[in-house]
Amino acid sequence: MWRKFMPGHSPSPKPLRRVTLKAQGLADIGHVDGTGTWLVTGPEPRLELLPESGHYLSGWVLLRGELHRRGMDFTTALLAEVAGPFTTWVEYHIPVSLKGTILELLYFQPGVVRLEFQPMGGAGSFELLNLSLQKVNAAGVALRRAQRVRHIFLTKPRSQREKMGLHWHTPLLGLRKSYELAGRLRGYYPTLNYAQWLERVDALTGDDRRRMLRHSKQWRKRPAFGLLVFAGVAEIDQLKLTLSSLQSQLYLHVRVLVLAPENELTDMREALSIGPEWLSVHSLQSLQRADESSVSGLGEHDWWMTLPAGAVLGEHALYWYASTALSSPQSRLLYSDHDHLDADGCRVDPEFKPDWSLELLRSSNYLQSAVALRADLVAEVSSVALDSVAMALANGMAGEGLHAYLLRATERMPSAAIQHITAVLLHLPKPAGDESVGDEALLIKPVAEHLSRLGVDAETTLSKHRYCRVRYKLPALGPLVTIIIPTRDELHHLHACVESVLSRSTYRNFELLVVDNQSSDAETLQYLRALEGRSQVRVLRYPQVFNFSAINNFATANAGGEVLCLLNNDTEVITPDWLEEMLGHLIQADVGVVGAKLYFGDGRVQHAGDTVGPGGLAHHLHSFLAHDAPGYCGRAVQAQDLSAVTGACLLTWKKLYQDLGGLDAVNLPVAFNDVDYCLRVRDAKRRVVWTPYAELYHHESVSRGKEDSPEKIRRARREVQYMRKRWQGILHHDPFYNPNLSYERPDFSLSHSPAVSKPWLP
């Protein structure tokens with residue numbers, strides 16, 4: 001067996017052949033400290049594995065170890081260089097469990113002369129422990145394969161296994177293939193590119209199509225769709241692509257109106273003269289002039305949507321929209337995920353969207369097109385009768401644009417009436433240039449008018465990434481904010497935190513409560529005494545054992561503010577208007593919590609909101625992203641609704657906090673109490689909003705240390721078990737992530753087995 005020699009530790013005297021791990025000639029890895037933690041700074045970090053005995057094993061081996069990582073890409077691989085007439089490299093994908101366990105069978109060809117280990121695929125940090133290789137005989141190989149497959153059958157739901165291709169009979173046909181499939185369900189597994197994902201996950205089979213046809217024939221009511229397509233003669237080729245996709249629909253209960261410029265109407269009708277009966281060509285003017293016979297039946301359509309020329313609907317798109325409309329009768333607006341078509345017609349660049357987020361729609365039109373609006377909603381928005389919705393929608397889209405119309409429509413319905421279909425049903429033409437380029441006033445006008453209609457006092461500007469930034473204005477006398485900072489020693493961090501709040505914050509109506517939890521360092525105690533003499537600052541003593549929830553609850557009982565700000569002592573203010581930004585969101589309708597954007601000391605993103613479920617429980621989004629990078633679909637730089645935000649910097653109403661019982665000091669004394677609170681806030685029908693425009697540094701839990709004692713480990717395990725039991729529903733579907741994205745790794749990578757319910761399957 002070979003074992004890693006950990007940096008900073010002496011090897012234990014065991015009679016084993018060892019592998020020493022070192023960063024030899026690799027610029028993408030550097031040590032953080034001497035405890036085995038490494039810092040990854042580049043896209044392909046590698047460590048060379050050197051056998052102490054001087055030679056490499058061959059045949060079947062078992063790779064063991066522990067790998068704990070923080071970063072954006074958890075792709076792990078082992079690469080073996082094999083000598084011969086031509087030197088070759090063999091790459092092995094290494095699945096890693098959510099707990100960080102490596103336990104993988106590998107076959108090494110004779111002649112291995114070099115091993116390189118890639119712990120992750122991009123920037124971040126990792127700790128690699130007890131890495132070893134052990135020879136395995138044929139019986140051991142069979143046994144370990146059977147054990148893994150059995151474990152997956154016992155722990156993973158049938159639907160998830162079968163989506164991966166692991167059926168009850170698969171092990172009977174081949175244990176080796178079953179072992180590989182089981183590895184994909186074990187935890188962190190190499191990412192799929194989009195072409196692979198489409199082939200493995202998204203492709204429709206003949207059985208799928210037959211099931212859809214049978215299912216739709218059983219419907220007592222058959223939803224009818226009206227589609228508006230704006231196109232001129234110059235776009236005739238793109239238009240034909242769109243119409244061809246409609247002709248191929250498995251559910252074709254549709255009427256399509258092509259809206260052309262008035263002076264091109266004749267040419268367009270001639271170009272489409274042999275079109276199907278469900279197609280007609282109009283201009284806005286001719287639609288207004290038309291009599292009932294020329295556009296008969298338009299008032300009978302239940303749903304309406306618009307498509308740009310060149311957009312292609314998946315063959316099951318209208319079926320899925322119709323099925324959703326029938327299964328969710330309260331729905332008034334439906335939207336799906338989408339991707340793009342490149343110059344060769346290949347599907348690229350998918351955008352897997354969150355469920356309904358008001359704040360994100362104010363930042364950009366993340367819904368895109370192919371948004372289905374119920375006919376009575378269009379009539380209500382446009383103030384017309386049901387038999388006039390086609391003309392009203394056409395006028396509205398032509399005059400206001402899609403983003404403006406969607407904002408107007410969503411003002412008139414509860415969030416439950418907005419349904420997200422978690423499937424890629426729309427394929428948009430890939431833009432030739434930067435589609436965000438445009439007149440600034442036109443880009444922010446829809447949001448400004450939307451806020452004005454709602455009576456919201458706000459200023460709209462365009463961010464550097466060309467998303468709409470809403471600055472909500474505060475009343476002349478804003479609410480008193482009580483900023484709560486628990487602390488124990490670590491003066492250099494506490495001093496930076498407190499002084500940054502006092503000196504940089506432009507919002508001045510706040511009080512600062514520093515809660516000392518048994519500090520013993522003389523300099524820290526001296527600083528705390530000095531703070532007691534400063535205006536706006538109070539120092540409270542909490543002499544009990546550390547309990548983050550109890551400390552904040554204790555401080556809240558002594559808080560004079562209407563608003564609470566939970567702030568870690570290892571944070572530091574960057575943007576002076578951080579409180580104005582967060583308060584502006586908090587005072588909006590139904591908002592209960594607001595979170596900030598936090599950075600590591602080197603400027604990379606530490607927290608851009610939390611997701612609940614992906615990664616096992618709760619994890620920060622966009623961790624280790626470059627400071628100003630837009631992130632997945634621009635979501636690292638847009639304000640949005642989320643399931644949770646970190647308590648390292650969290651704003652909430654004091655009354656709401658107390659009504660909900662504060663942080664859970666019994667079940668969650670140290671970890672996950674902030675996530676639990678946010679989820680309880682959402683259960684109380686309040687929104688949790690994250691803003692990228694309130695920025696702070698966060699050095700992460702410097703006072704508390706690691707979970708390295710048996711008691712801390714037991715306590716951490718209890719907290720995890722409580723959260724999994726209490727919030728098991730959302731752990732399977734975070735509405736602001738997407739079930740097509742990996743739930744094994746919270747990095748927006750594609751899932752090997754999406755938890756998407758397909759309406760044609762039982």
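Helices (H or I, at least four residues) and strands (E, at least two) are DSSP runs, numbered from the N terminus. Residues are numbered from 1 along each chain as its sequence is written, and side-chain values use heavy atoms, with hydrogens and water left out. The model is predicted: local features need pLDDT of at least 70 and side-chain atom pairs count only at pLDDT 80 or more, while totals for chains, interfaces and linings use all residues.

**Exercise 1. Place R714 and say how exposed it is.**

Step 1. Look up the element: R714 sits in helix α22, which spans residues 710–726.

Step 2. Recall the classes: buried means under 20% relative accessible area, exposed over 50%, and partly exposed in between (1.4 Å probe, protein chains only).

Step 3. With a relative accessible area of 40%, R714 is partly exposed.

Step 4. For a sense of scale, pair R714 with A448: they are 266 residues apart along the chain, and 52 Å separates their C-alpha atoms.

**Exercise 2. Work out how the overall shape of the protein chain compares with the globule rule.**

Step 1. Take stock of the secondary structure, which comes to 23 helices and 35 strands.

Step 2. The radius of gyration is taken over C-alpha atoms, and the globule rule is 2.2 Å times the number of residues to the power 0.38. For 762 residues the rule gives 27 Å; the protein chain has 29 Å, which is close, so it is as compact as a globular protein of that length.

Step 3. Along the principal axes, the C-alpha atoms fill a box of roughly 90 × 75 × 45 Å.

Step 4. Now the interior: 56% of the 762 residues are buried.

Step 5. Count a contact when heavy atoms lie within 4.5 Å. Of the contacts with a separation of 6 or more, 76% join residues 24 or more positions apart.

**Exercise 3. Classify the ring pair Y632 and F748, and find which parts of the chain it ties together.**

Step 1. Rings of Phe, Tyr and Trp (its six-membered ring) pair if their centres lie within 6.5 Å; planes under 30 degrees apart count as stacked, over 60 as edge-to-face and the rest as tilted.

Step 2. The structure holds 15 aromatic pairs. In the one formed by Y632 and F748, the centres are 4.7 Å apart and the planes make 10°, so the pair is stacked.

Step 3. Y632 lies in the loop between β32 (618–620) and β33 (640–641), and F748 in the segment after α23 (728–731), so the pair ties together parts 116 residues apart in sequence.

Step 4. Check the burial: Y632 counts as buried at 17% relative accessibility, and F748 counts as buried at 7%.
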